[in-house]
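Okay, thanks everyone for coming. I'd like to walk you through one model today, so have a look at the screen.

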Amino acid sequence: MRVSQLLIPTLREDPGEAEVVSHRLMMRAGMIRRVAAGIYTYLPLGLRVIRKIECIIREEMDRAGAQEVLMPIASPAELWRETGRWDFYGKELLRFKDRHEREFCLGPTHEEVITDLIRREVRSYRQLPLNCYQIQTKFRDEIRPRFGLMRGREFIMKDAYSFDQDEEAAKLSYRKMYDAYVRIFTRCGLTFRPVEADTGLIGGISSHEFMVLAETGEETIVYAEGGTYAANIERAELRLPTETSDEPFRPLRKVPTPGLRTVEEVCAFLKTTPRRLAKTLLFTTPKETVAVLIRGDHEANVVKIKKLLGCQDLELASPETVSAVTGAPVGFAGPIGLRRTRLVADHAVRVMRNIVVGGNEGDTHYVDANCDRDFKVETFGDLRSAMAGDPSPHGDGTLSVARGIEVGHVFMLGTKYSQAMKATYLDPQGNEQFAVMGCYGIGVGRTAAAAIEQNHDAKGIIWPVPIAPFLLHLLPLSPSSQVSQAARNVYEALVAAGVEVLWDDRDERAGVKFNDADLIGVPYQLIIGEKGLAQGAVELKERKTGAVTRLPPAEVLERVKERVEQAQT
């Protein structure tokens, strides 16, 4: 493909709207353009990357036995009401009415639509297992779309749905998809980790996220270095504390802490450490206010607290609620004397002794407070986020922390949707059974963006070979007939051999061509200049390392094929 015939509107400066590397570089490289907040047009270079990722996904999904279908983006409200998600999904679900005042939504996911299809078409156990997938546009009305393709409102997604006779068979389908995802992201040339994850709005029994590791990732994951355990920080389990204290109990004391509200301020004033303080956080649910006790150097994990309380809606209490419940302003809440709220605590609090807690009175804290003697905890649980240095729950070392970008998610749904929508089949004995489901998603655009977040430098993108828009960028540095003819000969030979080549045939300065080539990030650059040709050589440059190999034009095809084979092994 010639650059002069391709729409590649590169930019010299960073667009003001871009917040992260992938957004900035995709805009500058002429791969996407913004239509509205969180909605983008894919230009030719960007679309080529998307199609490469889709091709890998299709090959591996087909290999795993899934069948491709295509469902509509719009679905009727009655399907969503059957599962209760019409109201539960919230404002991210874009609802509208047609000319007949019938309610619809733009699908953010397709559990309802696929389950409706299967309940109409599947009657017997002989038709199971069944796995259907699609690659299609989704829409989620994000309150704050940002980061380009990382968190848009309209996006391309691969979603698959499996249906099995029982849980054991469903586990096999889940494993097939898990393994397929490993192959997909490996083939895309990405460094990633599958991690245990929360099921979120999709629901279900268990799930794994596939995280591309990148310093700019918006998710935090923890993993055992050299071990098997890895999880999203929202989901990461923690072992029960084993340490004990033989420190004698000291008398409870109330001390003034004027204007000191934060853990750091209070600890500095009392000459102690956050490990010796328990902070009391108040949360509200639709039914009650709950006090949660967490060690001072730990962070409360809202997902875990929701699970303990058995609720979906949980918010930090307002200052007015804190004052009404504790009798004190924010920053001075404590567990002693609380009567109008439940008190739950993280496991770490159970083994603390002679600790600092809020005094439920302005400018006041208690010192040398002790659980059971001075306050009663209704329930203990794993309520905090994991930290680097925590022991792995699998017993395989200590946990490390990394940043990641979620590009794929697999769920064991169980019968949540099949029961709600009565998707049944007849077993061998003729009895009706609910199909056991799984669902499996990949963000196609997010995968492209994540690849950039993981593979870039100060000059631009460095595409992994399997998903690069082109394999080789041909850069003739002179308009002379000798250079032009050499470029044409190499171009025609490579294209005839099936190599994807981007030929910069513009009448531009060498510096402009080099800058655009580095920005676009094609894996290999072939540089043809008058001086080199006079010596019988051209230069093959690797974008990732900058390594340059001088070789005769006749050897270009063989060398390029060698590089591709090396990159794909």
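So, what do the buried residues of helix H14 pack against? There are two helices on that list, H1 (21-28) and H2 (44-63), plus the strands E26 (460-461), E27 (472-476) and E29 (524-528). Before I go on, please keep in mind that this is a predicted model. H14 itself covers residues 510-520, and its buried residues are Val512, Lys513, Asp516, Ala517, Asp518, Leu519 and Ile520. Yes, you heard a lysine and two aspartates in there: Lys513, Asp516 and Asp518 are on the buried list. Right after the helix you get Gly521, with a positive phi of about 85°.

Let's stay with H1 for a moment, one of the helices that H14 packs against. Arg24 sits in H1. Is Arg24 buried, exposed or partly exposed? Its relative accessibility is 24%, so Arg24 counts as partly exposed; the buried class is for residues under 20%. If you skip the neighbours within four places in sequence, Arg24 has contacts with Asp14, Pro15 and Ala18. And for a feel of distance: from Arg24 to Val367 you go 343 residues along the sequence, and in space the two C-alpha atoms are 52 Å apart.

Let's step back to the whole chain. We have 569 residues here, and 53% of them count as buried. The secondary structure comes to 16 helices and 31 strands. Along the principal axes, the C-alpha atoms fill a box of roughly 95 × 70 × 50 Å. Now take the contacts with a separation of 6 or more: 68% of those are between residues 24 or more positions apart.

Next, a sheet. Strands of a sheet pair through backbone hydrogen bonds, and that pairing can be parallel or antiparallel. The one I picked is an open sheet of 3 strands, in the order E4-E6-E5, with antiparallel pairing. On the edges you find E4 (74-76) and E5 (95-97), each pairing on one side only. On average, neighbouring strands here are turned by 40° against each other, ignoring direction. How many bridges join E5 to E6? There are 3, and E6 is residues 103-106. If you want a spot to click on, Lys97 stands opposite Glu103 in E6.

Last topic, holes. The structure holds 2 cavities of 30 Å³ or more. The largest has a volume of about 60 Å³. Its lining is made of Tyr42, Leu149, Gly152, Glu154, Phe155, Ile156, Gly443, Val444, Gly445 and Arg446. Strand E8 (154-164) and helix H12 (444-454) are the elements giving two or more residues to that lining. By class, we get 5 nonpolar, 3 polar and 2 charged residues around this cavity.

The second largest cavity has about 30 Å³ of space. Around it are Ile118, Arg119, Val122, Leu128, Ala423, Thr424, Tyr425 and Ala435. Here, helix H5 (111-121) and strand E22 (424-426) are the elements that supply two or more lining residues. What does this lining look like by class? It has 6 nonpolar residues, 1 polar and 1 charged.

That's my tour. Happy to spin the model around if anyone wants another look.

Methods: Residues are numbered from 1 along each chain as its sequence is written. This is a predicted model: local features need pLDDT of at least 70, side-chain atom pairs count only at pLDDT 80 or more; totals for chains, interfaces and linings use all residues. Side-chain values use heavy atoms; hydrogens and water are left out. Buried means under 20% relative accessible area, exposed over 50%, partly exposed in between (1.4 Å probe, protein chains only). Helices (H or I, at least four residues) and strands (E, at least two) are DSSP runs, numbered from the N terminus. Contact means heavy atoms within 4.5 Å. Two strands pair if DSSP finds at least two bridges between them. Axes are lines fitted to C-alpha atoms, for helices over the stretch in contact, and angles run from 0 to 180 degrees between N-to-C directions. On a 1 Å grid over the protein atoms alone, a cavity is a set of points where a 1.4 Å probe fits but cannot get out, and a pocket is an open set with protein on both sides within 12 Å along at least five of seven lines; lining residues have an atom within 4 Å of a point. Grid points are joined across faces, edges and corners, and a volume is the space filled by probe spheres set on the points. Ala, Val, Leu, Ile, Met, Phe, Trp, Tyr, Cys and Pro count as nonpolar, Asp, Glu, Lys and Arg as charged, and the others, Gly among them, as polar.
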